[in-house]
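Good morning, and thank you for coming. Please look at the sequence and the structure on the screen, and I shall then take you through selected parts of the fold.

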Amino acid sequence: MGYPENPILVVIDVDPAGGVASSTGALIGAASTIGAPVALIVGGNLGATDAAAIAGAQVVLTAPGDPAALTVPITDALQAAYRQVKPDAVLISNSIAGRDVAGRLAVREKLAVSVDAIGVTRDQEGIVAHHSVYGGSFLTNSAPTHGTPVITVRQGAVGARADAATATVEELQVPASGAVAAVAGEITAVEQASSRPELRGASKVVSGGRGLGSKEQFVLVEQLADALGAAIGGSRAAVDAGYIPYAHQVGQTGVSVSPQLYVAVGISGAIQHRAGMQTAKTIVAINKDGEAPIFDIADFGIEGDLFAVVPQIIEALEARKK
């Protein structure tokens, strides 16, 4: 079949249940700003919700997957799609699996990889990836001198969303590469019910630091997050002190987030923490130390006792809902 002009091949992450990952909308949105999105889904079972999530794709390629064989079946399908679509760029989520697939495709097709992009644009010479590097100290651009760029996109960094389009669905014929694949053992899913959004990719994040003083007082962060409909994060100091589990650590050795709103409560703003949140669109800092480094990057700062300030903010937010 024919493909749209300026096609951008987008690899959709699939969760263990077969649904598309939360990073889908942003990936297709990023692709729509530089060309026509063509989505590739390997091993997914598209439901109504998933169909809505990929509504911005003009073409959807599907291929069978093997949940037990790590990465190789996805790479095989991506290579087949790449050769068939001949895209201007390949966009992949900067997840663990996404980075693996990006590297494997680049080696097979002798392409350049741009990792952890926070945005993409097109100029007269082609596709350009934008990055935040050295702990958020610099913004840089990257582009290959020849060939198609393979770009992994940081989750939550792109706010653009594609307009809905009527997608053509095509089953992709994938020749097996015969490459050796690692095999996953038995996987047991552990479901945790939560009304809060997932930290990685959330549009709003409230993080707490050492200034909370104890695990019991960290509940203030949870209350503020619930009032805002935000995900919960923490600094390394808060994690080391046992206030919050490591899975919620934001920073160089934790999760990198790029939400629309980031609220830092009792966080001094060490460079390691800033590396994981400095690309947030709006940063609000609450800290009693007016010299704290977090104020250097905050769009709005409140210098004061968080135990007095945060309850007032929660009260004001609750009043607005009434």
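Strand β11, residues 204–208, and strand β13, residues 261–265, pair in the parallel sense over five bridges. Within that pairing, Gly 208 stands opposite Val 265 in β13. I should say at once that this is a predicted model.

These two strands belong to an open sheet of five strands, in which the order is β12-β11-β13-β14-β15 and the pairing is parallel. Which strands form the edges? They are β12, at 231–234, and β15, at 300–303, and each of them pairs on one side only. From one strand to the next, the twist averages 15°.

Two helices that pack on this sheet deserve mention. Helix α5, residues 219–228, touches β11, β12 and β13, and its direction makes about 170° with that of β11. Helix α9, residues 306–321, touches β13, β14 (282–287) and β15; here the direction of the helix makes about 135° with that of β14.

I turn now to strand β9, which covers residues 149–153. How many of its five residues are buried? Five of the five are, so β9 is largely enclosed by the rest of the structure. Both faces of the strand are covered: Pro 149, Ile 151 and Val 153 are buried on one side, and Val 150 and Thr 152 are buried on the other.

As to the partners of β9, strand β4, residues 89–93, pairs with β9 in the parallel sense over four bridges, and Leu 91 stands opposite Ile 151. Strand β5, residues 112–117, also pairs with β9 in the parallel sense, over four bridges. In this case Ala 112 is the residue opposite Pro 149.

My last topic is a pair of helices. Helix α3, residues 72–85, and helix α4, residues 96–109, pack at an angle of about 50°, with their axes 9 Å apart. That angle makes α3 oblique to α4, and the crossing is right-handed. Which residues make the contact? From α3 they are Val 72, Ile 74, Thr 75, Asp 76, Leu 78, Gln 79, Tyr 82 and Arg 83, and from α4 they are Val 101, Arg 104, Leu 105, Arg 108 and Glu 109. By character, the residues of this contact divide into six nonpolar, two polar and five charged.

That concludes my presentation, and I thank you for your attention.

Technical notes:
Residues are numbered from 1 along each chain as its sequence is written. This is a predicted model: local features need pLDDT of at least 70, side-chain atom pairs count only at pLDDT 80 or more; totals for chains, interfaces and linings use all residues. Side-chain values use heavy atoms; hydrogens and water are left out. Axes are lines fitted to C-alpha atoms, for helices over the stretch in contact, and angles run from 0 to 180 degrees between N-to-C directions. Angles under 35 degrees count as roughly parallel, over 145 as roughly antiparallel, 65 to 115 as roughly perpendicular and the rest as oblique. A crossing is left-handed if the near helix is turned anticlockwise from the far one by less than a right angle, and right-handed if clockwise. Contact means heavy atoms within 4.5 Å. Ala, Val, Leu, Ile, Met, Phe, Trp, Tyr, Cys and Pro count as nonpolar, Asp, Glu, Lys and Arg as charged, and the others, Gly among them, as polar. Buried means under 20% relative accessible area, exposed over 50%, partly exposed in between (1.4 Å probe, protein chains only). Two strands pair if DSSP finds at least two bridges between them.
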